Amino acid sequence: MKGVLDFCLIFLTLHIPGVVSLSTHVAIIYPQDPVLRIGSNLTASCWVHPELGVHASSLFWTLNGQQLPSSFYRVLSATNLSVTLAGLNASKQTSGDNLVCHNHKGHILAGSCLYVGMPPVKPINLTCWSRNTKDLTCSWAPGGKGETNISTQYKLKYKLRWYGTEKECADYTHTQPYSCSITQDLHLFTPYEIWVEASNQLGWATSDVITLDILDVVTTDPPSGVTVSRVGQLEDQLSVRWEAPPALKDFLFQAKYQIRYRLEDSQDWKVMEDVGNQTSCRLAGLRPGTVYFVQVRCNPVGIYGSRKAGIWSEWSHPTAASTPHSERMMSGSCDSKSSGDSNSTLRRELKQFFGWVRKHAYGCSSMSMKLYDQWRVLMQKSHKVRNQVLQGDKS
């Protein structure tokens, strides 16, 4: 708060013309720099030194540069003019609102900063995660309606649950104002108690205490080495491969993965939830001759025997690949009815196949892919024979 007060005084003495130096004590405002709740009333007095030869009735007040009505004033003596402000609104900035006393020529005699806000409300949404077990980062949100309109300080506190001493996190991030990272002296296999304290000149509040083991809140780097390639000439499939997060290769854990993909000209991602712990997967049912963007993310499960799933990593950088063009699309057909019948039959057969797979196979499992490959070869042969028959009928 001291830095804020200094800023307010410097603003009054350096940035407004005709300021009389406060060090001369020609005038004083009381109370000086008060901190008040929203809705409070304030009566402030401007006292001028008798040797200045200025009568209080010739003075006037401004708030943030706007002159206050004379009906707000009261002449207490020849050297003292008060102003009363009722139902104060929240400060427009954390550096305070400027209440200034002027002489009849408009020169500033004295100034005060008003800080009008609320005490902190209990911080909420305290959440923590560990990147590869190397740190513990926690974030939270202000309670109530958010900011209190006056400078509020937040402290992330923590201790080992049974025998630790209370400590304060030191690495607060500037990019995320309500976040802090603990990077030293971390203990695995031991639960922590963590909470946030909020305080300002009107009061203080404490969040709920959360208890966690670092191994239960681990998130990894995204999977590395993501590649996407065609599956032979199958125009509706792409093969996706990746590697486990490098930082966790020496840990005892079993990861599970998710894949999401989208069309080049779309922002709508389709997520495959059931990839499991394998590091490859086949995307099927895609559009022929189309560019797809693919991403993979990881969730570490059971690190060092933890019974809880970890936290999903960020998605990997998008990797692009295109499916082959369909031979049927490229060859074309003049018989729209025959083509429509063929497409209708193919859609019906696809629907039947995927309905069977959903009942008997699981996600990207090798069994479902093997069956699908066999079925696709059979269907391609069937369509080739069908096309030959249709062309023979036309000739």
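## A small sheet and its salt bridges

Welcome to this structure. An open sheet of three strands appears here in the order 20-21-24, and its pairing is antiparallel. Strand 20 (224–230) and strand 24 (280–283) are the edge strands, since each pairs on one side only. From one strand to the next, the twist averages 15°. Keep in mind as you look around that this is a predicted model.

It helps to recall a general point: strands of a sheet pair through backbone hydrogen bonds, either parallel or antiparallel. In this sheet, strand 21 (residues 238–243) and strand 24 run antiparallel and are joined by four bridges. To see one residue pair for yourself, find Ser 239, whose bridge partner in strand 24 is Arg 282.

Now to the side chains. How many salt bridges does a search of the whole structure find? There are five. Three of them are set out below.

| Salt bridge | N to O distance | Separation along the chain |
|---|---|---|
| Lys 122 and Asp 208 | 3.2 Å | 86 residues |
| Arg 131 and Asp 221 | 3.9 Å | 90 residues |
| Lys 157 and Glu 197 | 3.1 Å | 40 residues |

Let's begin with Lys 122 and Asp 208, whose side chains meet in a salt bridge. This pair links distant parts of the chain: Lys 122 sits in the loop between strand 9 (108–117) and strand 10 (124–131), while Asp 208 lies in the loop between strand 17 (203–206) and strand 18 (210–212). Lys 122 counts as partly exposed because its relative accessibility is 37%.

The salt bridge between Asp 221 and Arg 131 comes next. Here too, distant parts of the chain are linked, with Asp 221 in the loop between strand 19 (218–219) and strand 20, and Arg 131 in strand 10. Asp 221 has a relative accessibility of 28%, so this residue counts as partly exposed. Arg 131 is also partly exposed, with a relative accessible area of 29%.

Finally, turn to Glu 197 and Lys 157, which form a salt bridge as well. Glu 197 belongs to strand 16 (residues 192–200) and Lys 157 to strand 12 (residues 153–160), and the pair links distant parts of the chain. Is each partner buried or exposed, or in between? Glu 197 counts as partly exposed, at 24% relative accessibility. Lys 157, however, is buried because its relative accessible area is 10%, and the cut-off for buried is under 20%. Salt bridges that share partners join Lys 157, Glu 166 and Glu 197 into one network.

How values were computed: Residues are numbered from 1 along each chain as its sequence is written. This is a predicted model: local features need pLDDT of at least 70, side-chain atom pairs count only at pLDDT 80 or more; totals for chains, interfaces and linings use all residues. Side-chain values use heavy atoms; hydrogens and water are left out. Two strands pair if DSSP finds at least two bridges between them. Helices (H or I, at least four residues) and strands (E, at least two) are DSSP runs, numbered from the N terminus. Axes are lines fitted to C-alpha atoms, for helices over the stretch in contact, and angles run from 0 to 180 degrees between N-to-C directions. A salt bridge is a side-chain nitrogen of Lys or Arg within 4 Å of a carboxyl oxygen of Asp or Glu. Buried means under 20% relative accessible area, exposed over 50%, partly exposed in between (1.4 Å probe, protein chains only).
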